[in-house]
Amino acid sequence: MTPMVIAEEVHKSFGSNHVLRGISLEVAHGEVMCLVGPSGSGKSTFLRCINHLEKINSGRITVDGTLIGYREHAGKLYELKAREAATQRSGIGMVFQKFNLFPHMTALENVTVGMVRVQGINTSDAQVESKKLLARVGLAEKLYHYPAHLSGGQQQRVAIARSLAMKPQLMLFDEPTSALDPELVGEVLDVMKELAASGMTMIVVTHEMGFAREVADSLVFMDGGVVVEAGKPVEILSNPTQERTKSFLSKVL
Amino acid sequence: MPSTNHEPIKAVPLRHPIRWAVALFLVAISAAFVVDASHRGAYDWKAFAQYIFDPRVVKAAGVTLALTALSMFFAIILGVSFAVMRRSPNPVFRAVSWLFIWAFRGTPVYVQLVFWGLLSTIYHSFFIGIPDIHFHNFYLGFHQTISQQFSLFWIAVIGLSLNEAAYMAEIVRAGLLSVDSGQEEAATAIGMSWWTTMRYVVIPQAMRIIIPPTGNEIVSMLKTTSLVTAVPLVTDLYARTRDISTETYNPIPLLLVASAWYLFFTTVLMIIQYFVEKRFARGHSALIAMAS
């Protein structure tokens, strides 16, 4: 089976700032990959390139065999229309550091809105499905709460449910627990563990080395826009071979 | 050790003699003014009662209301367009929007209305079609003189709405800027198109910022319509009551009539604004309740 995600020599610059300097990696179906590294190493940018929130300058990314952001025809690349790009994105879930819930909608409406407005499912069916998803993340009691009435951990779980509502084949997590109070981190990680156990393909940018060790199938250490080291989490965390990995891990472990 | 004594504090409250004195003074002079005004001959309340529902006045109030509603309607549409143009990646759009706002916000609305009134003097006629092609003396196209095509009422609407559009553009722009960029990103990530994102995510949140100043603009527009006499349109509330008073040689009660109608409309608008603001504060009012 072809991998879920294939990145080949991905480069990305913001002006003169060359953030990604040739990232190549593969993520298999059902694999959980953790991306770690110092801030500014390009982890989040790479994640945002996978669902085309950022345009890459060179290289290519495919998700489930489909080229992201472009259509290839007779050796030429054609930029996708806005609608096609949107359809592509809806199949890739994304969870943000700052949750980015829609504050003018209840928890239930946050989860329902994508199904209704993007997939065109009728509201009552979407609500039935959304209630199941919110129960799955442990928020069956909070359906009609606005985000302002929820704790950070609860908001992030709503955000996960919102992404799952689109039935994604791949989930991207951009430091999902970094904005949380320490006592709320566990409830979000538990939801992610359950998701991983259900077979979801996940790429997680995180500083939670415990989570990486316990849940991830692979760990990628990035620094300065390149992959410095990749492999089994246990091996990298206990026996890093690269000097930069060692020095980073000595600071965070 | 924590105290187990929960006796509420019993203290003599602080007195505010000056506060009381000032309040009494204000009540007294207000009462004196009202009592005096009810007897004073110059106000002529009999004439006020006679003209307040005069059919000419009621019709003129209708014209003022129509001017306000139509001008605001076009101003909001244009304002939203110019606000979106200011955010456009196309530099020509940005420049056109900037120039429009610069010109129409930078000159007095009265002067603009006089200009629009002179439109037919500046451009005698307009022509839509292919120039200089004639078939048997018929123009191929659409040829009209300005005064044929636009009544003074519509010239007033054009003048008022273009001026107001410049202000609305800035209000809408501030509203759009107030929405966190993460909102657009989250909406994009679940596959929403640009328009769906605007319609269901960005605009509803921007509305909370846009509505209060827009309410003020509507109230302000209602009063600005009294300047259409510059066009010169004389069927609105102020001009009509002034015309009546030149017949009766009794301007004061008619000024009161006009003021009463303006106040009635602004009061209704304030009530509507209160409910609309409540509607768009969803989720946000919860935040304020939590903080307090």
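What follows is a short conversation about the contact between chain B and chain A, and about some aromatic rings in chain B, in a predicted model.

Reader: What makes Glu185(B) and Arg48(A) a salt bridge?

Author: Their side chains meet at 2.8 Å, N to O. The cut-off for an Arg nitrogen and a Glu carboxyl oxygen is within 4 Å, so the pair qualifies. The count between chain B and chain A is 1 salt bridge.

Reader: And how many residue pairs are in polar contact across the interface?

Author: The rule finds 5 of them, with both residues at pLDDT 80 or more. On chain B's side, α9 (181-189), α10 (194-224) and α13 (284-291) each supply at least two residues that touch chain A. The largest share is from α9(B), with 7 residues. By type, that side divides into 11 nonpolar, 7 polar and 3 charged residues.

Reader: How much area do the two chains bury between them?

Author: About 2100 Å², with 66% of it on carbon and sulfur atoms. Ala189(B), Ile190(B) and Tyr200(B) supply 27% of the area that chain B buries against chain A, more than any other three residues. As for who takes part, the contact takes 21 residues from chain B and 24 residues from chain A.

Reader: On to the rings. How many aromatic pairs are there over all chains?

Author: A search of the whole structure finds 14. One of them is Trp45(B) with Phe48(B), which is edge-to-face.

Reader: Why is that pair called edge-to-face?

Author: The centres are 5.4 Å apart and the planes make 70 degrees. Pairing needs centres within 6.5 Å, and edge-to-face needs over 60 degrees, so both tests are passed. The two residues sit 3 apart in helix α2 (residues 45-52) of chain B, about one helical turn.

Reader: Are Trp45(B) and Phe48(B) buried or exposed, and how do you know?

Author: Phe48(B) has a relative accessible area of 18%. Buried means under 20%, so Phe48(B) is buried. Trp45(B) is at 36%. That lies between 20% and 50%, so Trp45(B) counts as partly exposed.

Reader: What about Tyr274(B) and Phe275(B): what makes that pair edge-to-face?

Author: Their centres are 5.1 Å apart and their planes stand at 80 degrees, which is over 60, so the label fits.

Reader: Why is Phe275(B) called exposed, and Tyr274(B) partly exposed?

Author: Exposed means over 50%. Phe275(B) is at 51%, so Phe275(B) counts as exposed. Tyr274(B) is at 49%, so it stays partly exposed.

Reader: Which residues form an aromatic cluster?

Author: Phe53(B), Trp261(B), Phe264(B) and Phe265(B) form one.

Note on methods. Residues numbered from 1 in each chain as written. Chains lettered and ligands numbered in written order. Heavy atoms only, no water. Contact = heavy atoms within 4.5 Å. Buried area = accessible area lost by both parts, 1.4 Å probe. Polar contact = N/O pair within 3.5 Å; in protein donor to acceptor, adjacent residues only side chain to side chain. Helix = DSSP H or I, 4+ residues; strand = E, 2+ residues; numbered from the N terminus. Nonpolar A, V, L, I, M, F, W, Y, C, P; charged D, E, K, R; others polar. Phe/Tyr/Trp six-rings, centres within 6.5 Å; stacked < 30°, edge-to-face > 60°. Buried < 20%, exposed > 50% of the residue type's maximum accessible area, 1.4 Å probe, protein only.
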